[in-house]
Amino acid sequence: ATINDKILAASAKHPQPGNVFQYGTAGFRMKADLLDSVVFRVGLLASLRSRKFGGQVIGVMITASHNPPEDNGVKLVDPFGEMLESSWEAYATRLANAKTDKELLAVYNKLEQDLDLGTNKTPKVIYARDTRASGSRLVGCLVDALEATGTEYTDYKLLTTPQLHYLVRCSNTKGTEYEYGDISEKGYYEKLANAFKLAVKHKKPQGPVTVDCANGVGGPKLRELIKYLDGTIDIRVVNDDVLKPENLNVSCGADYVKTNQRAPPSSKAGPLERCASLDGDADRIVYYFNGENDKFVLLDGDRIATLAASFLGELARQSGLAESLKIGVVQTAYANGAATQYVTSNLGLPVVCTATGVKHLHHAALQFDVGVYFEANGHGTVVFSHDAYKAINNHEPQSPAQANALETLKALSDLINQAVGDALSDLLLVEVILAHKGWSVKDWEDTYVDLPNRLVKVHVLLRSMFVTTDSERRLLEPAGLQATIDSLCGKYKAGRSFARASGTEDAVRVYAEAATRGEADDLAQKVANAVS
Ligand code: NG1
Ligand code: ZN
């Protein structure tokens, strides 16, 4: 049979359920029982994407991150370990929405024609999944597409999302000047653990860090990583029950902590104990602790970004590289105004604001030699440019102090996942920095005071009516609404607010911050009223 025949036959096993699908910022994501045809079709696209790159390896990750256990999702990983290039999201959407097998084949053949696929190298795909019960069934759908298209594939079974990104990047850079690491899960642990040990040196982290793994794939993977760390740090793993998939993300995990502004109810942490939570696929992390009078203190993505930027800035200066490394921070409009202020005023570093979604932040961060980017919800990393690696590796230190700082900087450039935000890598990064600075979580909190803020969801008839500009900070449409928001903000000290359509939910999000709790709540409510 021809490939076309095979695609038709395989597609018949995975009929389109009649829904309309869209590849969004997090790939396709929904109730798992709707996903069979979507995953099959993503398999077709992965094969095309690999052909487009002359047979380079493309990744497919099956996960729904922080969503409830009955959901699932699928997203593609580009050759350098980055998220799928935006222009291809539309092709994914087109394939997913073809109503019949024949229509699907027509869309596929048209893409084959239009995409100028060049050489006839065998396409290659690697894939993995999180711990959801539906994962193995969806892998079956994916494999049907890879078989039908004659694509070579490797099943990496259970992995965190960033581990798959790592493997894709390693696969495609092997033997080049961009070589990234050994193409194996073990290689990932070794790279992180070796870099961590080099970076902390004799500055052993003080006390334990308790890590809530959202009862997801991060649990077993963190336990594995710990074996490679040789006791250099005391990591206590909690919420790592992956045998009961119905517990995934339930009353625990980074999203629970960030959204509810509280520790998981199961937490037994005492005052000032360092705690962190991962999300369901371990690409997000937030820290927190119980402060004075049992006050819950969240150290979110903004805090991780400011901590990392401050330490990297110090290392650049101490190693004599301040002139050659342009360091910058990338945030979204959701970053706390106090964090932005701290970076520009206290650290003296530039801040860039982009639209929501890590691909935007990642892209903007690449404009710096060392680009620190985090979303407030804990998704982020630090990217080093090719020039930065060269500068770091070629620099001749002029003193023992310079040599020392340079060694740490070098180790961090290995420790930090360059492909994508990685909760395990970010965890070790924070631990290195706190150990070096000799800081407790309280010291970390004391660097600046967050402006009180409020995030509310507003249900509207048609969220596509909300058109933004200026990195989503201002509304162009509906006409007149921005002027209303501006005048409301003007009534509050340090008032700032914006409204934008969510990319992942059918709602408009309103964010507001102001000098006091009461004012922030009030401003959020007034803007929400104006929006609805
Ligand atoms: P939307 O639903 O577009 O606001 C949310 C998060 C983003 C990001 C995406 C997933 C907030 C306010 N928004 O986006 O930060 O994590 O989901 O890609 O947290
Ligand atoms: Zn995630």
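**View 1. Antiparallel pairing of strands β2 and β3, seen at the bridge between I62 and V74.** In this predicted model, I62 has V74 of β3 as its bridge partner. The two strands concerned, β2 with residues 57-62 and β3 with residues 71-77, pair in the antiparallel sense, and four bridges connect them. Helix α5, spanning residues 135-148, packs on the sheet and touches β2, β3, β4 (124-129) and β5, while its direction makes about 175 degrees with that of β4. Helix α6, spanning residues 161-173, also packs on the sheet, where β2, β3, β4 and β5 are the strands it touches, and the direction of α6 makes about 170 degrees with that of β2.

**View 2. Strand β2 beside its parallel partner β4.** The pairing of β2 with β4 is in the parallel sense and extends over six bridges, and within it V60 stands opposite Y127 of β4. Strand β2 is mostly covered, with six of its six residues buried. This burial applies to both faces of the strand, since V57, G59 and M61 are buried on one side and I58, V60 and I62 are buried on the other.

**View 3. The open sheet of five strands.** The strands follow the order β1-β3-β2-β4-β5, and their pairing is mixed. Strands β1 (28-31) and β5 (152-158) stand at the edges, where each has a single partner strand, so that one side of each is left without a neighbour in the sheet. From one strand to the next, the twist averages 15 degrees.

**View 4. The crossing of helices α10 and α14.** The axes of α10, residues 301-318, and α14, residues 400-415, come within 8 Å of each other and cross at roughly 140 degrees. An angle has to be over 145 degrees to count as roughly antiparallel, and the two helices are therefore described as oblique to each other. In passing α14, helix α10 makes a left-handed crossing. The contact brings F311, L312, L315 and Q318 of α10 against A401, Q402, A405, T408, L409 and L412 of α14. Sorted by character, the residues of this contact comprise seven nonpolar and three polar ones, with no charged residue among them.

**View 5. The cis peptide bond between E477 and P478.** As background to this view and the next, most peptide bonds are trans, and most residues other than glycine have a negative phi. The bond that joins E477 to P478 is cis, with omega at about -5 degrees. P478 itself lies in a loop, which runs between β17 (474-477) and α17 (481-490).

**View 6. Positive phi values at N215 and N239.** Although N215 is not a glycine, its phi is positive, at about 55 degrees. The loop between β6 (209-212) and α8 (218-228) is the place of N215, and this residue is buried, with a relative accessible area of 8%. N239, which is likewise a residue other than glycine, has a positive phi near 50 degrees. The loop that holds N239 lies between β7 (235-238) and α9 (254-260). With a relative accessible area of 17%, N239 is buried, the cut-off for that description being under 20%.

Methods. Residues numbered from 1 in each chain as written. Chains lettered and ligands numbered in written order. Predicted model: local features only at pLDDT ≥ 70, side-chain atom pairs only at ≥ 80, totals over all residues. Heavy atoms only, no water. Axes fitted to C-alpha atoms, helices over the stretch in contact; angles between N-to-C directions. Parallel < 35°, antiparallel > 145°, perpendicular 65-115°, else oblique. Left-handed = near helix turned anticlockwise from the far one by under 90°. Contact = heavy atoms within 4.5 Å. Nonpolar A, V, L, I, M, F, W, Y, C, P; charged D, E, K, R; others polar. Pairing = 2+ DSSP bridges. Buried < 20%, exposed > 50% of the residue type's maximum accessible area, 1.4 Å probe, protein only.
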